[in-house]
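Here is a short report to read alongside the sequence and the 3D view. Please keep both open as you go.

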Amino acid sequence: MKTPKRLLPLIEDGLVDEVLRQLMSGKEAKVYVVRCGEEIRCAKVYKEANQRSFKQAAAYTEGRKVKNSRQARAMAKGSKYGREVQEEAWQTAEVDALYRLADAGVRVPEPYICFEGVLLMELLTDANGNAAPRLNDVEMSEALALQYHAELIHQVVLMLCAGVVHGDLSEYNILVDAEGPVIIDLPQAVDAAGNNNAAAMLERDVDNLRSYFSQFAPSLAHSQFGKEIWKLYEAGELTPDSVLTGRVKRETRPADVRAVLREVESVRQEEEDRRRYLAELRQQ
Ligand SMILES: Nc1ncnc2c1ncn2[C@@H]1O[C@H](COP(=O)(O)OP(=O)(O)O)[C@@H](O)[C@H]1O
Ligand SMILES: [Mg+2]
């Protein structure tokens with residue numbers, strides 16, 4: 001096919017030899033199948049900022065680090081340079097997340113490079129060598145739904161152990177390759193420790209998995225894996241081997257009202273003592 005303009009810099013740089021076809025035009029990006037030497041790869045071209053939808057919202061980027069304070073100030077001011085820095089930070093966020101997650105053993109496409117707003121990565125394929133389908137296009141039985149759900153919950157745990165929350169996980173951002181589910185589409189990934197919305201986003205990601213798979217496996221409908229995973233993470237107890245039940249214990253201990261009243265009384269007493277002491281000082 002005719003080389004799309006945005007892929008020309010990669011051809012000129014020798015990163016890509018040929019663009020074979022367009023795979024998809026998603027919400028945030030266009031994805032192409034490309035040839036790099038002998039290898040067939042996948043090139044994700046990010047849309048310009050003004051064509052993108054919601055994912056750059058403050059809720060996602062909170063807590064993200066930029067290289068230095070000059071860049072942070074420029075971003076805050078919204079100057080042209082600031083917007084460029086922000087754009088680059090957005091585009092490299094996905095490749096950074098992919099490297100981090102691949103290192104942590106999460107099933108993601110292998111990243112190669114992000115260059116001029118294009119992410120080059122492994123093309124995921126099904127058993128016949130065709131581009132891998134999205135989860136929502138795969139025929140599902142109850143047994144397969146239970147298996148994939150369990151595998152994906154494990155992937156979410158591995159991600160969180162690496163400090164990452166996907167933030168837009170659903171049946172549309174999971175591909176099924178010859179080996180099973182693979183998580184994709186991570187430019188909005190959130191830093192679990194540095195973002196106040198991380199808990200809510202993790203829960204939403206996991207709820208999306210529950211809603212999807214419980215259509216085929218009704219026994220999942222009332223599971224609470226999101227809450228359970230976050231509770232363990234918050235307590236510093238989450239590991240890749242954590243055994244999950246999908247249930248969260250409700251706080252059943254009655255509140256200790258007397259202990260609270262004792263605490264209030266002791267603070268009041270302390271304040272009274274402090275005032276008396278100050279009054280005495282003044283009289284001297
Ligand atoms: N590594 C990949 N291998 C195969 N197909 C991919 C790959 N990455 C993306 N795709 C295809 O491109 C589509 C859009 O990619 P995605 O990363 O989800 O971008 P968007 O932000 O536009 O949703 C996916 O639904 C999938 O069909
Ligand atoms: Mg997507």
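## A proline in a loop

Let us begin with Pro240, which sits in the loop between helix H7 (225–234) and helix H8 (257–283). The model is a predicted one, so please read what follows in that light.

Is Pro240 buried or exposed? Pro240 has 12 other C-beta atoms within 10 Å, and because a residue counts as exposed at 12 or fewer, Pro240 is exposed. Leaving aside residues up to four places away in sequence, Pro240 touches Val157, Leu158 and Cys161. Tyr46 makes a useful second landmark: 194 residues separate Pro240 from Tyr46 in sequence, and their C-alpha atoms are 32 Å apart in space.

## The chain as a whole

Stepping back, the chain contains eight helices and nine strands. Its C-alpha trace spans about 90 × 50 × 30 Å along the principal axes. The radius of gyration is 25 Å, whereas a compact globule of 284 residues would come in near 19 Å.

Of the 284 residues, 30% count as buried. If you look at contacts between residues at least 6 apart in sequence, 58% of them join residues at least 24 apart.

## Three strands in a row

Now turn to strands E1 (18–25), E2 (29–36) and E3 (39–46). E1 and E2 run antiparallel and are joined by six bridges, with a hairpin of three residues leading from E1 to E2. E2 also pairs with E3, again in the antiparallel sense, over eight bridges. That second connection is a hairpin too, with two residues between the strands. Gly37, in this turn, has a positive phi of about 60 degrees.

Which residue of E2 stands opposite Gln22? It is Tyr32, and Tyr32 also stands opposite Ala43 in E3. Following Gln22, Tyr32 and Ala43 is a handy way to trace across the three strands. As you inspect them, bear in mind that in a regular strand the side chains alternate between the two faces of the sheet.

## Around ligand 1

These strands matter for the next stop as well: E1, E2 and E3, along with strand E5 (118–122), each supply at least two residues of the shell around ligand 1. How many residues surround ligand 1? There are 21, and the closest are Met24, Gly26, Glu28, Pro109 and Asp185.

By residue type, the shell around ligand 1 divides into 13 nonpolar, two polar and six charged residues. Among the closest, Met24 and Pro109 count as nonpolar, while Glu28 and Asp185 count as charged.

Notes: Residues numbered from 1 in each chain as written. Chains lettered and ligands numbered in written order. Predicted model: local features only at pLDDT ≥ 70, side-chain atom pairs only at ≥ 80, totals over all residues. Near = placed C-beta within 6 Å. Helix = DSSP H or I, 4+ residues; strand = E, 2+ residues; numbered from the N terminus. Pairing = 2+ DSSP bridges. Rg over C-alpha atoms; globule rule 2.2 N^0.38 Å. Buried ≥ 20, exposed ≤ 12 C-beta atoms within 10 Å, placed from the backbone. Contact = placed C-beta atoms within 7 Å.
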